[in-house]
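Please look over the sequence and the 3D structure shown here before reading the notes, which are written for someone who will want to check each point by eye.

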Amino acid sequence: MSDAAAQPMLEVRDLQVRVGGQIVLKGVSLAVRAGEVHAIMGPNGSGKSTLAYVLAGKPGYEIVSGSVSFEGRDLLALAPEERARAGLFLGFQYPVEIPGVNNAYLLKTALNAARRERRLPELDAFEFLALVRSKTQLMHIDESFLGRGVNEGFSGGEKKRNEILQMLVLEPKLSLLDETDSGLDIDALKVVANGVNSLRSPERCIVLVTHYQRLLDHVVPDFVHVLARGRIVRSGDRTLALELEKRGYDWITEQAAA
Amino acid sequence: MSTPELDALVSRSYRHGFVTDIDADTVPPGLDESVVRLISRKKKEPQFLLDWRLRALSHWRTLREPHWAHLRYAPIDYNAISYYSAPRQSGDGPKSLADVDPKLLATYDRLGVPLHERARLAGVAVDAVFDSVSVATTFKDKLAAAGVIFCPFSEAVQRHPELLEQYLGTVVPYTDNFYATLNSAVFTDGSFVYVPPGVRCPMELSTYFRINAANTGQFERTLIIADAGSYVSYLEGCTAPMRDENQLHAAVVELVALDDARIKYSTVQNWYPGDEQGRGGIYNFVTKRGECRGRNSHISWTQVETGSAITWKYPSCILRGENSIGEFYSVATTNNYQQADTGTKMIHIGANTRSTIVSKGISAGHGQNAYRGLVKILPSATGARNFTQCDSLLMGKHCGAHTFPYLEVRNPSAIVEHEASTSRISEDQLFYCLQRGVGAEDAVNMIVSGFCRSVFKELPMEFAVEAQALLAVSLEGAVG
């Protein structure tokens with residue numbers, strides 16, 4: 001591994017976060033290098049979604065201590081939109097509906113904001129449409145989706161596929177996918193996994209936040225971490241996920257508490 | 001987003017607030033018979049019109065200012081207002097654009113409404129009304145070739161008195177309400193449109209109203225007649241200088257659609273709204289009503305109301321003809337201390353008449369926004385249908401949204417539907433957009449435009465873009 005590759009793209013150091021008076025993350029450290037896929041697993045309420053939101057800059061989370069760097073920049077000093085333009089993407093667990101706002105319009109605005117940041121020329125409507133069409137096919141999304149309001153009247157599975165579509169168009173360096181597998185039937189799960197795998201490359205990294213290991217059958221992670229009660233209590237390779245599938249989370253959280 | 005950041009962002013800039021320094025012929029403040037006679041004389045009106053004005057004035061003296069609307073404002077002193085102000089001109093007034101005072105032309109250039117035909121949007125004819133008079137009307141010849149009459153109201157008085165006598169006051173009688181009655185007595189100028197049978201008006205018609213003089217009121221009157229089988233699309237825009245005093249604008253608009261005729265009337269109202277403390281701004285008390293007099297006639301009102309300190313207006317439809325259709329699409333925004341009480345009345349008289357009401361109210365700052373609407377189905381209106389949707393969007397903690405729907409159904413075959421919602425721009429919607437790399441201001445504009453989309457799509461294309469831009473300005477920084 002070269003020196004440059006050895007430098008993590010995302011480095012979380014001893015992160016403590018308070019929400020509504022409660023310490024939810026109690027010193028989380030995590031290093032993700034370019035090209036890697038990490039899975040963060042854990043029981044409900046362990047702080048998985050909090051970690052994803054804090055990295056994306058959602059308001060309402062107080063950083064008590066610790067630091068996060070992204071490509072050497074202080075991520076926590078950036079506004080949410082700056083983080084996005086720098087190449088951080090969050091696939092939401094519950095994508096919100098924005099009635100009347102055209103799905104394609106939001107996506108084109110987002111893409112061009114990112115392209116401006118990267119000093120690339122903005123895409124016009126035709127170039128954009130050509131790009132999106134290739135991705136909608138991959139995601140088995142009907143083109144009529146583009147003309148509808150953002151997530152307006154979408155089913156749960158459609159919302160998740162739409163999230164991955166956005167990710168494919170924006171080509172982020174760091175993708176945080178929060179419970180993207182929840183609420184998907186097996187066919188939709190495969191489509192989503194295909195989409196995620198198509199973005200795997202030596203220049204990007206992906207962090208999957210998930211409760212179950214079934215997504216990991218299709219998107220095979222390089223590392224698996226178990227987050228419990230606000231701490232990463234164990235890290236390993238994909239066999240850890242399989243072990244969790246068999247034995248549940250209790251044994252590991254008990255070990256951590258002991 | 002923190003509160004100080006929000007407060008800093010909640011500032012608005014009004015881009016049409018300048019004053020044109022021009023020599024004006026302004027009558028002293030006050031209202032009595034002599035003022036009404038003076039206005040009528042200046043306009044060289046026929047006797048019937050003077051008599052009508054005088055009847056309106058004496059009726060007005062029996063009326064009291066109405067206070068049922070959800071509005072609060074200091075009393076208006078009707079004797080402190082000057083009822084006529086016009087840029088001074090030599091002789092009989094301008095014969096063509098070449099005779100118009102260059103200062104006036106420059107004013108309209110600055111407002112983005114150039115009056116030189118080569119500079120204009122090719123498909124739009126404009127009547128420019130400055131205080132109490134019309135200063136120019138473009139594309140008259142081209143319209144005349146199609147048989148369409150589009151001219152200042154004062155000119156119609158001279159050249160088409162028979163049409164005026166036949167239609168004036170037949171939709172909004174001079175006894176209608178306090179402000180309409182006042183207007184009937186002292187109205188000065190406005191636009192007149194007549195589209196002959198079977199003619200589809202070849203271009204968009206538009207009137208741009210500008211209040212300039214201080215301590216005056218603007219009382220314009222517009223009359224649009226679409227004869228059998230004709231079609232016309234008309235748009236009005238309005239602006240005024242920034243002043244600390246309130247100014248009164250009390251207009252009347254009457255529309256008449258005969259058999260199979262269609263009138264599409266759009267308004268982009270951007271009168272000066274007052275400053276952040278609620279000082280100044282236009283009091284906008286307007287009566288707009290259309291009558292679908294003929295079978296299968298169709299009238300649509302589309303309004304985007306972003307200006308004025310106070311808005312009191314209810315563009316309405318009287319659906320007299322069988323199978324006639326009335327529509328009302330409205331976006332009303334109130335920011336800072338603006339107040340709006342607006343909506344519509346749909347009066348179903350004919351059989352199988354249909355009406356649609358879509359109202360979008362947006363409140364920010366300390367703004368108060370009320371929707372007030374009446375759907376009345378008379379016993380004769382067998383098979384009538386109405387659909388009403390009114391949605392309110394709140395931004396911040398100090399604003400208010402109110403909905404007052406009135407329903408009177410006197411025919412059992414009628415079908416009436418009403419949907420209403422009130423929502424806030426949610427933190428989640430905002431964060432979703434931010435996470436996709438869209439800045440906060442752009443995100444709010446996007447969400448608000450999405451909220452208004454079903455109304456904006458009713459505007460003529462040339463103006464939809466302008467309306468959207470205007471909305472963005474009027475809500476500048478109102479992230480809540």
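The notes below go through parts of chain A, then chain B and the contact between the two chains.

This is a predicted model, and the points that follow should be read with that in mind. In chain A, an open sheet of six strands is described together with a helix that lies across three of its strands. In chain B, 55% of the 480 residues count as buried, and strand 12 of chain B is largely enclosed by the rest of the structure.

**The open sheet of chain A**

- The six strands of this open sheet in chain A follow the order 6-9-10-3-11-12, and their pairing is mixed.
- At the edges of the sheet are strand 6 (88-91) and strand 12 of chain A, each of which pairs on one side only, while from one strand to the next the twist averages 20°.
- Strand 3 of chain A runs parallel to strand 10 (residues 205-210) of chain A and is joined to it by five bridges, with A:Met41 standing opposite A:Thr210 of strand 10 of chain A.
- In general, it is through backbone hydrogen bonds that the strands of a sheet pair, whether parallel or antiparallel.

**Helix 9 of chain A**

- Helix 9 of chain A lies across strand 3, strand 11 and strand 12 of chain A, and runs at about 45° to strand 11 of chain A.
- The buried residues of helix 9 (residues 238-247) of chain A are A:Leu240, A:Ala241 and A:Leu244; because these cover an arc of only 100° around the axis, they sit on the same side of helix 9 of chain A.
- The elements that cover these buried residues include strand 3 (37-41), helix 8 (214-218), strand 11 (223-228) and strand 12 (231-236) of chain A.
- A:Thr239 and A:Lys246, by contrast, are exposed on the other side of helix 9 of chain A.
- Just after helix 9 of chain A comes A:Gly248, which takes a positive phi of about 75°.

**Helix 5 and helix 6 of chain A**

- The axes of helix 5 (residues 125-138) and helix 6 (residues 156-170) of chain A come within 10 Å and cross at roughly 140°, and helix 5 of chain A and helix 6 of chain A are therefore oblique to each other.
- The crossing in which helix 5 of chain A passes helix 6 of chain A is right-handed.
- From helix 5 of chain A, A:Leu131, A:Val132, A:Lys135, A:Thr136 and A:Leu138 meet A:Leu165, A:Leu168 and A:Val169 of helix 6 of chain A.

**Chain B**

- Chain B has eleven helices and 23 strands, and of its contacts between residues at least 6 apart in sequence, 83% join residues at least 24 apart.
- Eight of the eight residues of strand 12 (residues 262-269) of chain B are buried, so this strand is largely enclosed by the rest of the structure.
- B:Arg262, B:Lys264, B:Ser266 and B:Val268 point one way from strand 12 of chain B, whereas B:Ile263, B:Tyr265, B:Thr267 and B:Gln269 point the other way, and all are buried.
- Strand 12 of chain B runs parallel to strand 14 (residues 298-305) of chain B, to which eight bridges join it, and B:Arg262 stands opposite B:His298 of strand 14 of chain B.

**The contact between the chains**

- The contact takes 21 residues from chain A and 20 residues from chain B.
- On the side of chain B that touches chain A, helix 9 (427-435) and helix 10 (440-456) of chain B each supply at least two residues, and the largest share, eight residues, comes from helix 9 of chain B.

Technical notes
Residues are numbered from 1 along each chain as its sequence is written. Chains are lettered from A and ligands numbered from 1 in the order in which they are written. This is a predicted model: local features need pLDDT of at least 70, side-chain atom pairs count only at pLDDT 80 or more; totals for chains, interfaces and linings use all residues. A residue is buried if 20 or more other C-beta atoms lie within 10 Å of its own, exposed if 12 or fewer, and partly exposed in between; C-beta atoms are placed from the backbone. Helices (H or I, at least four residues) and strands (E, at least two) are DSSP runs, numbered from the N terminus. The arc is that of the directions from the helix axis to the C-beta atoms. Two residues are in contact if their C-beta atoms, placed from the backbone, lie within 7 Å. Two strands pair if DSSP finds at least two bridges between them. Axes are lines fitted to C-alpha atoms, for helices over the stretch in contact, and angles run from 0 to 180 degrees between N-to-C directions. Angles under 35 degrees count as roughly parallel, over 145 as roughly antiparallel, 65 to 115 as roughly perpendicular and the rest as oblique. A crossing is left-handed if the near helix is turned anticlockwise from the far one by less than a right angle, and right-handed if clockwise.
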